[in-house]
Amino acid sequence: AAVPSQVVPGADPSARQLCFAWGPAEVLVCETLFGRRGGSPSRGERGPGRGVLPGVLTGCVAGTGEGGPSSSRLFVVRKDQDIYIQTLRKLFNESHGIFIGLQRSEEELAGKSRKAQLVQVSKNYRSVIRACMEDMHQAAISARDPALHSQYSTQVSILSAMELIWNLCEILFVEAAAAGPLLLRLLDWVRLHVCDVDNMVREVLSSENPSKHELFWNVVDVFVLQGRMDEARHLLSKEASANPTSVNMYKILDDLMKKMPVPSLGNTQTLTEMELKWQHWHEECQRYLQDGTFASNSHMESICKILLGDEDAILEKKELMTTWYHFLVTRLLYSHPTVKPMELRMDLFLGGEGSPEPLDTILMAAFEFEMHQVIKECSVALSNWWFVAHLTDLLDHCKLLQSHNLYFGSNMREFLLLEYASGLFSHHSLWQLGVDYFDHCPEYGRVYLELHIERIPLNTEQKALKVLRICEQRQMHEQVRSICKIMAMKALRNNRLGSALSWSIRAKDAAFATLISDRFLKDYCERGCFSDLDLIDNLGPSMLLSDRLTFLGKYREFHRLYGEKRFSEAAKLLLMLMTAHIAPCSFWMTLLTDALPLLEQKEVIFSAEQTYELMRCLEDLTAGKSDTEKFQDDDVESMKVEMLRLALARNLARVIVKEGTLEGS
Amino acid sequence: AMEDVCAKFVSQKISKTRWRPLPAAALQPPDLFATGSWDNEDNRISIWSVGDLGNAGLSGEYQVEPQLLCDIKHNGDVMDMQFLDQERIVVASSTGTVTVFRHHQNNQTLSANQRWEKAHYHVDQDTCCGGAACTGVICNNPEIVTVGEDGRINLFRADQKDAVRTIDNADSSTLHAVTFLRTTEILTVNSIGQLKIWDLRQQRNEPSQIFSLTGDRVPLHCVDRHPNQQHIVATGGQDGMLSIWDIRQGTMPVSLLNAHEAEMWEVHFHPSNPDHLFTCSEDGSLWHWDASTDVSEKPSFLHQGGRSTTYFSHNTINQSVVSAWLSNDPTKDRMEITNLIPNQTLSVNSLDILGPCLVYGTDAEAIYVNRQLFA
């Protein structure tokens with residue numbers, strides 16, 4: 001397949017290479033000549049190819065670019081232009097629900113009910129398109145700004161074309177009805193979408209005397225061309241009563257129209273039966289035409305010719321059909337009503353001139369059962385990925401696309417879903433919808449999600465929690481860790497140590513918990529009291545996450561015990577913090593200093609053994625320091641050490657006396 | 001029944017939905033609600049009408065789509081929203097600002113009536129950035145209490161420019177929600193699973209009581225108090241668990257009820273029939289918890305607007321309701337739980353109930369109204 005291409009406006013032809021870079025939100029930027037010359041396109045001006053090619057260079061000029069020495073303008077390119085249309089958000093959201101429903105639907109359902117289910121899904125998608133079209137139409141009507149009005153009107157026609165294509169695909173591929181019913185479906189399709197004549201019909205029918213209206217016969221023709229026999233006969237009966245002289249002629253035509261065999265929706269008649277009836281009726285029409293029954297009335301004669309499938313007679317009414325596909329269906333109706341889907345191609349020819357419009361090419365491809373061609377042409381013609389992604393997914397669920405593999409990526413369904421979901425992720429608000437689409441891309445969905453989810457800006461904790469939930473549900477541990485780390489860093493920057501700690505506990509990020517614990521301890525050393533006691537006192541099992549956090553919790557417990565005057569418990573805990581190496585060495589001096597008031601208590605608290613251990617801790621601490629360090633230590637430090645030694649010695653003396661007394665007694 | 005639910009896609013993710021309160025003597029069901037959006041480039045406060053019900057209950061035609069009456073731009077995500085009275089709405093923003101909007105019913109417009117810029121902030125209130133999200137607001141006209149990610153509690157009066165009282169560093173973790181316990185006392189829940197009572201009369205910057213979950217301290221996201229029995233409090237957690245607390249006793253919840261599969265964003269007792277409780281969650285579900293003891297005693301909600309008098313007229317029933325939420329008898333199978341959303345996809349961020357009417361909003365950019373909740 002050829003890669004669609006477009007000339008970048010403003011590219012410098014003298015530059016040896018054009019440099020591109022992906023910016024935030026899937027914005028592709030490149031350097032251009034804009035701004036170096038005057039009169040560059042202003043912000044928001046449409047590129048020439050806008051609305052034609054998705055996924056390629058459509059976009060607008062952004063950036064200020066005025067003044068500066070290298071004021072090259074940026075030409076910003078968006079992957080999926082339609083994602084940013086406000087009114088279409090309804091389409092994206094509502095179809096998301098249908099998409100999820102389809103993925104969850106039961107594949108096991110047997111043939112017929114499965115097909116009915118898929119047809120229903122297709123209809124649901126279409127009704128969303130129609131609802132959106134209605135909203136857009138209302139918006140167009142109420143828009144005062146002419147530019148806005150035309151923008152909405154364009155959207156209405158795009159949505160209308162999307163619905164037209166989808167409906168045809170539904171009839172031909174999803175429902176894939178048998179010959180007879182297929183024709184009825186196609187007639188419905190034509191009636192629904194060829195609306196140009198509706199006004200005329202309405203005008204004639206609402207006039208005082210329809211049969212005297214100058215467009216009367218046009219309306220009868222419209223009904224006949226669309227196979228609306230009952231309505232045509234009803235109109236004709238009015239004309240007949242006004243012309244008593246030719247009442248017989250009307251009666252015969254009415255009879256022919258009444259007798260026209262109609263393919264039944266049920267299985268009540270076989271194809272051969274239908275063919276037989278048709279042949280019989282055809283011959284009867286032929287007879288009346290040849291014996292000149294309608295010779296006196298050219299209108300009725302031409303209707304009879306249409307009934308006979310006369311191509312020239314049908315083509316004479318070209319203006320009433322407005323489109324080639326109407327002509328195609330009409331011709332099918334009268335020349336070969338039992339056509340099987342595969343035979344349709346035989347009848348395909350065009351009445352139009354010049355190169356076909358994209359819509360014609362797409363519909364033709366559909367009539368030729370070239371499903372891949374339909375998808376390809378739609379990808380090129382529409383400015384969104386929504387349509388092809390959802391249609392392809394539906395066709396894939398109909399098991400119609402299985403044989404086709406791409407030479408890149410996994411398969412077409414997944415490729416298109418990935419494109420669409422990436423577009424959603426580039427939107428500041430619709431990203432949440434994208435997650436579920438990635439979930440249903442078995443090959444690359446996970447990787448895409450991982451890469452996209454990390455780029456969601458987290459401006460509140462609530463949003464972070466939502467993103468986190470998405471990651472946790474999918475066991476994306478790496479992303480969970482990174483989100484929590486971002487949030488913990490933010491909290492830390494804002495001096496919210498408590499919040500920072502809860503984020504690192506959630507991520508089970510031991511290193512970061514250690515970092516925060518150190519901040520708490522530093523704060524304590526500086527201020528002499530703990531902040532965030534409500535948190536530290538309630539660490540619970542999460543205390544075990546990091547050694548430093550354990551120390552923080554235990555150290556705070558020591559303070560609580562001391563505050564509650566439970567001195568011996570406090571002393572035991574304090575000693576344990578050092579001997580079990582829970583406390584970092586840098587903190588030992590603080591701990592030993594904390595022991596001072598306990599050593600000075602009236603009552604002896606540390607046992608002889610405990611005192612020896614304290615002494616060893618002190619000696620370890622001082623011995624561990626190099627001479628240079630010792631030299632640099634100020635007097636305060638050495639005084640502290642001396643005070644401690646003294647206190648320990650005095651305590652030892654007291655305890656030996658006490659323990660000796662106890663043993664002796 | 002689901003067919004009574006009317007949906008409207010509104011092209012913005014809805015973070016809050018609130019019914020306008022009814023006048024004291026009103027007999028009609030509510031007909032107006034407000035919504036707030038989040039995560040948009042351009043967030044909005046909108047007022048919606050669900051139309052005149054006319055001959056309610058006779059026609060059976062409830063499919064009146066909500067109509068937008070007016071809206072106004074809001075700076076930042078709408079984090080919480082409460083009606084102060086019939087006309088004024090207090091809105092908490094992710095920027096830390098608290099705004100009072102007035103709904104002018106004569107010409108259907110909204111205007112900002114009063115604003116406390118950066119009521120919640122990190123480090124320094126005067127710097128250009130540094131606002132901290134205001135996560136919760138509760139009103140008891142004219143008093144307004146707000147809490148935020150900065151762990152701060154503010155008490156405002158609607159008619160005063162400056163905060164009446166501010167408790168800096170009230171909580172070292174994020175405060176997620178607040179509600180009034182009594183006129184001078186408030187309840188807050190935080191991100192380390194604690195429920196705290198604050199007495200605003202006391203000058204001490206400490207809570208008067210702390211309750212907490214045991215084990216893993218799962219963050220609590222929402223709180224509501226039983227409208228008649230003020231000691232009964234319901235909270236919802238990050239794990240989707242519903243906790244019922246009796247604040248007269250103990251420091252732990254009376255019962256923990258397994259509920260949603262993800263964050264419970266809101267919990268509401270039915271204001272006039274509090275044996276009915278409603279919860280909504282990030283997992284896209286909305287649950288109706290029915291603890292009424294006798295199914296045949298179910299009251300009719302059709303003709304009542306304000307507080308129910310019919311249901312509590314019998315003392316015996318009143319007694320059984322007292323125990324309905326506090327009983328932690330595992331054999332009790334009286335609690336009837338219904339998920340009101342069958343095909344859930346994206347988060348249900350907010351719900352509100354008043355009389356027979358329920359309104360809720362989702363991340364799938366839709367608002368839903370059910371006007372026959374108990375039909």
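The expected span of a helix is 1.5 Å times one less than its number of residues, where helices are DSSP runs of H or I with at least four residues, numbered from the N terminus. For helix α9 (residues 271-290) of chain A, the 20 residues should therefore span 28 Å, and the end C-alpha atoms are indeed 28 Å apart, which agrees. The structure is a predicted model, in which local features need pLDDT of at least 70 and side-chain atom pairs count only at pLDDT 80 or more. Residues are numbered from 1 along each chain as its sequence is written, and side-chain values use heavy atoms, with hydrogens and water left out.

Within α9(A), the residues A:Met274, A:Trp278, A:Trp281, A:Glu284, A:Cys285 and A:Leu289 are buried, that is, under 20% relative accessible area, whereas exposed means over 50% (1.4 Å probe, protein chains only). These buried residues cover an arc of only 140° around the axis, which puts them on the same side of α9(A); the arc is that of the directions from the helix axis to the C-beta atoms. On the other side of α9(A), exposed residues include A:Thr272, A:Leu276 and A:His280.

Aromatic contacts were also examined. Rings of Phe, Tyr and Trp (its six-membered ring) pair if their centres lie within 6.5 Å, and planes over 60 degrees apart count as edge-to-face, under 30 as stacked and the rest as tilted. By this rule the count comes to 31 aromatic pairs over all chains. A:Tyr125 and A:Trp386 form an edge-to-face pair, 6.4 Å centre to centre with 80° between the planes.

How values were computed:
Chains are lettered from A and ligands numbered from 1 in the order in which they are written. Helices (H or I, at least four residues) and strands (E, at least two) are DSSP runs, numbered from the N terminus.
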